[in-house]
Structure formats: C-alpha cells, structure tokens
Amino acid sequence: MAWIAGVRRPNTTFNHFQTGKLCYISSVLDEKVKYYTGLPYWTLLQPLHTVIIPCLTKASRKLSPFQMLLLALIRLRLHLPKQHLACLLQISHTTSKIFRETMGVLHFHLAPLVHWPARHCLQHTMPHQFVEPFGSHVAVILDCFEIGTEKPSNLKAQAQTYSHYKQKHTVKYLIGITPQGSITFISKGWGGHVSDKYLTEQCGILNKLLPGDLVLADCGFNIGDEVGLMCAEVKTPGFTRGCAQMDPKSVKDTRQIAHLRVHVERVTGLVCNKYNILQRTIPVSQLVPLEGEEFSFIDKIVTVCWDAMANAMNVFWHLYVITAEL
C-alpha cells in the first residue's frame with residue numbers, strides 16, 4: 001500500500017503506455033486500482049481527479065486531492081477501518097472528516113449524471129430482447145434494495161425503519177434502470193418499513209413517465225392505477241391469485257418479464273457486492289441530512305457507488321469530455 005501514501009497526483013497520460021515496460025506498469029496499477037477502488041482502470045481516475053480537484057485543493061493540508069479521492073474510493077470499496085486508512089496514508093485520525101468532504105464533492109459532480117433519457121434515445125438503442133416481447137415501449141425497469149442500519153433509539157423511527165422482508169432495520173431505495181443498463185433514477189432513502197408501492201408513488205419517478213411508456217417491475221409493485229394516470233402501463237410477473245394455475249398467456253408473459261428483470265437484479269447485486277460499505281450496518285447519524293443539506297450522507301454514498309459501478313463508462317466518458325475542454 002505504499003503506492004497510495006506516495007502518490008501525490010496522477011501524472012500518467014495515455015501516451016505513456018506505448019512502451020512495453022510502461023504497459024506492464026499500467027497493468028499492475030490496473031489490478032491495484034480495481035481491487036482498492038472498484039474502478040477497472042488506473043487511467044479512469046485521471047479525468048475524475050481533474051474534475052473534482054478545484055473543490056478539494058483547500059479541503060486538506062495533509063493529503064493531496066488525489067490521495068483524498070483514493071481514500072474515499074477505498075473506503076467505499078473495502079470499508080477499511082478509519083485507523084487503518086490513517087496508518088496507510090501516514091496521517092493522524094482525521095479520515096472521517098476527509099471522507100465526508102470528498103464524498104460531498106463526488107456526489108455534487110456525479111449525481112447529475114443519473115438522468116432520465118429522451119424517449120427517442122431509448123427507442124433507437126432498445127435491445128432486441130426487449131423489442132421482441134414489448135416493442136420499443138419499455139422506459140424503465142424498477143427495483144428496490146435495502147441497506148442495514150443501526151436500531152434507532154426513537155420508537156417511531158424504529159417502526160419506520162424495521163423491514164419485515166429483511167427482518168432488521170434498514171433504509172430502502174428505489175432504482176430505475178433502462179433496458180440498455182444505465183441508471184436513470186435513484187430515490188432518496190426511506191425507512192425499510194415502507195412498501196414498494198408507496199415508495200414509488202412518493203419518490204417522483206412516476207412524473208417522468210410519458211404516455212405510452214411501459215414499466216417492468218416485480219409483483220410487489222402494485223402500481224397499475226398510479227402508472228395508468230400517466231397514460232403508461234406497468235407489467236409485473238403474474239401469480240395465481242387463488243386459482244389452481246395461470247393460463248398459458250400469463251405463464252408466457254411472466255417468464256418474459258422475469259427473464260428481463262434479472263438484468264436489474266444482477267446490477268443491484270454487482271453494486272452491493274462490489275462496494276463493501278453497502279453491506280455494513282449504517283450508523284443512525286448518517287440517515288438524516290445535516291442542517292442546510294438536501295441529502296443524507298448515506299444518500300450520497302449510495303449515489304456515488306451506483307454511478308461509479310453501474311454507470312462507469314457513461315460517467316467517465318462525460319468526465320473525459322469535460323477534461324478535454326479544460
């Protein structure tokens with residue numbers, strides 16, 4: 001880990017990797033970056049660093065902006081103890097403040113990249129697996145995931161955060177993913193007791209639907225009427241509803257929906273498994289926004305993790321364009 005403490009700024013450019021020796025160095029760095037940060041390539045750190053450096057230059061006198069970026073990404077990826085990170089970076093125990101400041105900057109720059117695409121863009125690039133059963137009408141695939149939290153001391157908060165599905169206290173998020181695999185919506189965190197239906201109604205995603213849009217969701221999303229008010233349609237896997245068995249058409253539709261929804265479940269699993277911080281119990285103090293802020297700290301963490309993993313290529317292409325213009 002000496003490479004982390006010793007790195008002050010990324011000074012490697014794409015042209016440097018033309019020789020065999022530097023290609024080998026690049027390969028070694030890629031392996032380390034992938035393990036410690038979750039990003040696939042060393043060179044992807046460079047445009048990200050370039051974009052956020054103006055906001056981090058005066059944030060800490062003990063670390064360079066690039067080291068602050070590494071600290072945040074390593075904390076997300078491996079959830080190393082604060083004392084361990086402080087030892088690796090050869091600083092005193094101030095990593096919590098640095099982590100919070102860096103996450104605020106990352107969230108500020110990455111959150112806008114989660115956006116709802118124009119209909120013609122979706123339809124023009126619709127995967128054939130969706131076109132065959134549903135035409136080019138699928139606008140979004142919905143799913144929810146939960147992160148464990150500490151048990152609040154307040155009785156009302158305990159009731160609001162207790163998830164019967166997870167059998168523990170959690171914070172729940174709704175995500176929307178396009179058929180192409182891009183994250184187009186991430187809700188704010190809600191108490192784990194909230195139903196998928198109520199969360200969908202209140203988080204604002206229904207306002208983004210256009211007449212004729214098709215939404216794919218799990219059977220827990222009983223939102224047909226709410227989606228219908230937007231002149232759109234929702235399809236969920238069928239169930240018997242007390243009947244002995246489903247009719248053949250319902251069986252076929254259910255198989256198609258379940259087969260296509262596995263993509264969003266796979267993305268959810270990849271992100272939660274990639275970033276260990278999402279597998280840990282979140283302190284109650286991170287569930288409420290600080291005074292004057294719109295987002296809680298856990299909301300910022302979730303958004304950055306999803307951007308960094310699921311939207312990695314789109315994110316860094318956008319950052320590369322920004323960097324080229326600087």
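Here is a chat about a predicted model of a protein, in questions and answers.

Biologist: Let's start with the overall build: how many helices and strands are in the protein?
Modeller: The protein has 326 residues. Its secondary structure includes seven strands. The helices number 14, so the full tally is seven strands and 14 helices.

Biologist: What share of the residues is buried?
Modeller: A residue counts as buried if its relative accessible area is under 20%. Going through the 326 residues of the protein, the buried share comes to 46%.

Biologist: And the surface, how much of it belongs to carbon and sulfur atoms?
Modeller: The protein has an accessible surface of about 17,100 Å². The part of that surface belonging to carbon and sulfur atoms is 55%.

Biologist: What percentage of contacts join residues at least 24 apart in sequence?
Modeller: Here we take contacts between residues at least 6 apart in sequence. Of those, the portion joining residues at least 24 apart is 65%.

Biologist: Now some helix packing. Is H3 roughly parallel or roughly perpendicular to H4?
Modeller: H3 covers residues 45-56 and H4 covers residues 65-78. Their axes come within 9 Å and cross at roughly 110 degrees. Angles of 65 to 115 degrees count as roughly perpendicular, so H3 is to H4 roughly perpendicular.

Biologist: Is the crossing of H3 and H4 left-handed or right-handed, and how many charged residues does the contact have?
Modeller: The crossing is right-handed. On the H3 side, the contact includes Leu-45, Ile-52 and Leu-56, and on the H4 side Pro-65, Phe-66 and Leu-73 are among the residues they meet. By class, the contact of H3 with H4 has 11 nonpolar residues, one polar, and a charged count of no residues.

Biologist: How does H4 lie against H6, roughly perpendicular or roughly antiparallel?
Modeller: The axes of H4 and H6 are 9 Å apart, and the helices pack at an angle of about 95 degrees. The range for that label is 65 to 115 degrees. So H4 is, relative to H6, roughly perpendicular.

Biologist: Which classes make up the contact of H4 with H6?
Modeller: Arg-75 and Leu-76 are among the H4 residues there, and Glu-101 and Met-103 are among those of H6. The contact divides into nine nonpolar, two polar and two charged.

Biologist: Is H3 oblique or roughly perpendicular to H6?
Modeller: The axes of H3 and H6 come within 10 Å and cross at roughly 125 degrees. The roughly perpendicular range is 65 to 115 degrees and roughly antiparallel needs over 145. So H3 lies to H6 in a way that counts as oblique.

Biologist: How many polar residues are in the contact of H3 with H6?
Modeller: In H3, Val-51 and Cys-55 are among the residues that meet H6, where Val-105 and His-109 are among the partners. The contact has eight nonpolar and no charged residues, and its polar residues number two.

Biologist: Is His-107 buried or exposed?
Modeller: His-107 is in helix H6. Leaving out residues up to four places away in sequence, it touches Pro-112, Phe-295, Asp-299, Lys-300, Thr-303 and Val-304. With a relative accessible area of 7%, under the 20% cut-off, His-107 is therefore buried.

Biologist: Last one: how far apart in space are Lys-274 and Tyr-35?
Modeller: Lys-274 is in helix H12, and it is buried, with a relative accessible area of 17%. In sequence, Lys-274 and Tyr-35 are 239 residues apart. In space, their C-alpha to C-alpha distance is 9.5 Å.

Conventions: Residues numbered from 1 in each chain as written. Predicted model: local features only at pLDDT ≥ 70, side-chain atom pairs only at ≥ 80, totals over all residues. Heavy atoms only, no water. Helix = DSSP H or I, 4+ residues; strand = E, 2+ residues; numbered from the N terminus. Buried < 20%, exposed > 50% of the residue type's maximum accessible area, 1.4 Å probe, protein only. Contact = heavy atoms within 4.5 Å. Areas by Shrake-Rupley, 256 points an atom, 1.4 Å probe, with all protein chains shown as cover. Axes fitted to C-alpha atoms, helices over the stretch in contact; angles between N-to-C directions. Parallel < 35°, antiparallel > 145°, perpendicular 65-115°, else oblique. Left-handed = near helix turned anticlockwise from the far one by under 90°. Nonpolar A, V, L, I, M, F, W, Y, C, P; charged D, E, K, R; others polar.
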